[in-house]
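Welcome! Let us walk through this structure together, starting with how its chain makes contact with itself and ending in its interior.

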Amino acid sequence: MEDMLQYVWKHRLYAESDFITAEGTPVFVIDAGIPNTDAGPDFFNAKIRIGDVVWVGNVEMHQRASDWYVHGHHRNKAYDSVILHVVGENDTSVCRTNGKTVPQVVLHIPEKVRDNIEWLMARDTPVPCTGHLCRMPPLYLSDWMAALVSERLERKTSDIFSRLEQYTKDWNEIFYITLMRNLGFGTNSDAFEWLAGSLPYRYILKHRHNPLQVEALLFGQAGLLSADNGTVDGHATPVADLQLSPGDSYYLLLCREYAFLRNKYNLKPVEGFLFKKLRTRPVNFPHIRIAQAAAIWIQRDLLFSEILEAEGIDRIRSLFNVSPSAYWNTHYHFDSASPFQKKTIGKSAVDTLLINTVVPVLFAYGRQNSQPACCDRALKFLETLPAERNHIVTVFEKAGISVKNAGDTQALIQLRREYCDRKKCLYCRIGFRVIGN
């Protein structure tokens, strides 16, 4: 309810003629103030005329006036700057730490506004305002989607900066960790990031001229090999008990190499059971994605540096045109052979990696190093890359939203996950139009 009061106050959806203090003094809002998302009063730097006097200060809001005391504001000097207490129900007067009374008004929420808010909050659909989307002015909608793209990039940038603090200050290593996470394609993203975090990039660089050792490092650290930990695919299965297919001498070589490298670098693998195959298409099996990751790092030792120098999206796409070792042409995992099929990364998968890895890391790099050209380049890539195809985008398209490129789809993913799923209609520009109409 307090959120509703703040919303109506912020957007001035009230009838100003109703504003009279408990003492009968008329109140006129000149400036509602700046919303405060941190500790302290709800709105900063408001400008209010109470009677004949203009006051500049902060505004605090509560559903009930007595919440002022429940929250201990009468003992907190941070609230002595409050010039107006706005409440839904006036059940008591309130005072500052010096005992002086704070002017107080009751904010009556218009019935239509209340009904629209309650209707949105009660809607049990993925996108509560679906029926209204097709009636949104195109320019209004495009401005909101541009803001959503920026929000999504800022969120991803924050994640990347966290990795910079957690792991290393080396951008090639950060790119390695971010790309590994996204090679998990949702289902295995966390497991792939844990794998990358357990295997420093410098160890891969040391052995990149020996493909067998790079694969051994990655599969072994993923807990998918039987070394001295006695596991395969995350299960305690001795090598002698495996039903190895012809050609699986390669698997045994990987186990041998990993046993040596694990001891050399004192590595601790992640648990193999963390990598999921259930309800995953064979091309997304963790074994295939790890083999593709190995191929990338074998053939592109400083991939992010190459991306910084690359001209055009097609050149960057070509950097991901790699083929895993020949073993994987006839395998999806270690247990048995499969019909011959090259396991290159598909075009749509590459584009997904560009959207979720290249664009945000490039944007974050530009932000960190005060290179706005990098940020602009990242945004341009989103406009160039084709629209993503997923269930979130489909819902919005059916509702009448036109989707042209990856920038549009990233905006819609941000809208769905951060606003629709969280029922934050009060903070959404589309929600504002629905509530105000």
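Of the contacts in the protein with a separation of 6 or more, 60% are between residues 24 or more positions apart. Keep in mind as you look around that this is a predicted model.

Now for the overall outline. The C-alpha trace spans about 90 × 45 × 40 Å along its principal axes. The radius of gyration is 29 Å, whereas a compact globule of 437 residues would have one near 22 Å. If you trace the chain through its secondary structure, you will meet 18 helices and six strands.

Next, the surface. About 20,600 Å² of the protein is exposed, and 51% of that comes from carbon and sulfur atoms. The protein carries 50 positive and 48 negative charges, and the mean positions of these two groups lie 4 Å apart.

Turning inward, buried residues account for 50% of the 437 residues. The largest nonpolar core brings together 134 residues, and the ones with the most contacts inside it are Trp9, Leu84, Phe175, Met180, Trp297, Phe320 and Leu415. The element that gives the most to this core is helix 14, residues 347-368, which supplies twelve residues.

Met180 is a good place to zoom in. Which residues does Met180 touch, leaving aside those up to four places away in sequence? They are Phe192, Leu195, Ala196, Leu218, Ala293 and Trp297. Trp297 is thus a neighbor of Met180 and also one of the residues with the most contacts inside the largest core.

Finally, look for a second, separate core: it has five residues, among them Trp68, Val82, Val94 and Val102.

Terms used:
Residues numbered from 1 in each chain as written. Predicted model: local features only at pLDDT ≥ 70, side-chain atom pairs only at ≥ 80, totals over all residues. Heavy atoms only, no water. Core = buried A, V, L, I, M, F, W, Y, C linked by side-chain atoms within 4.5 Å. Buried < 20%, exposed > 50% of the residue type's maximum accessible area, 1.4 Å probe, protein only. Helix = DSSP H or I, 4+ residues; strand = E, 2+ residues; numbered from the N terminus. Contact = heavy atoms within 4.5 Å. Rg over C-alpha atoms; globule rule 2.2 N^0.38 Å. Areas by Shrake-Rupley, 256 points an atom, 1.4 Å probe, with all protein chains shown as cover. Lys, Arg positive; Asp, Glu negative; His and termini not counted. Charge placed at Lys NZ, Arg CZ, Asp CG, Glu CD.
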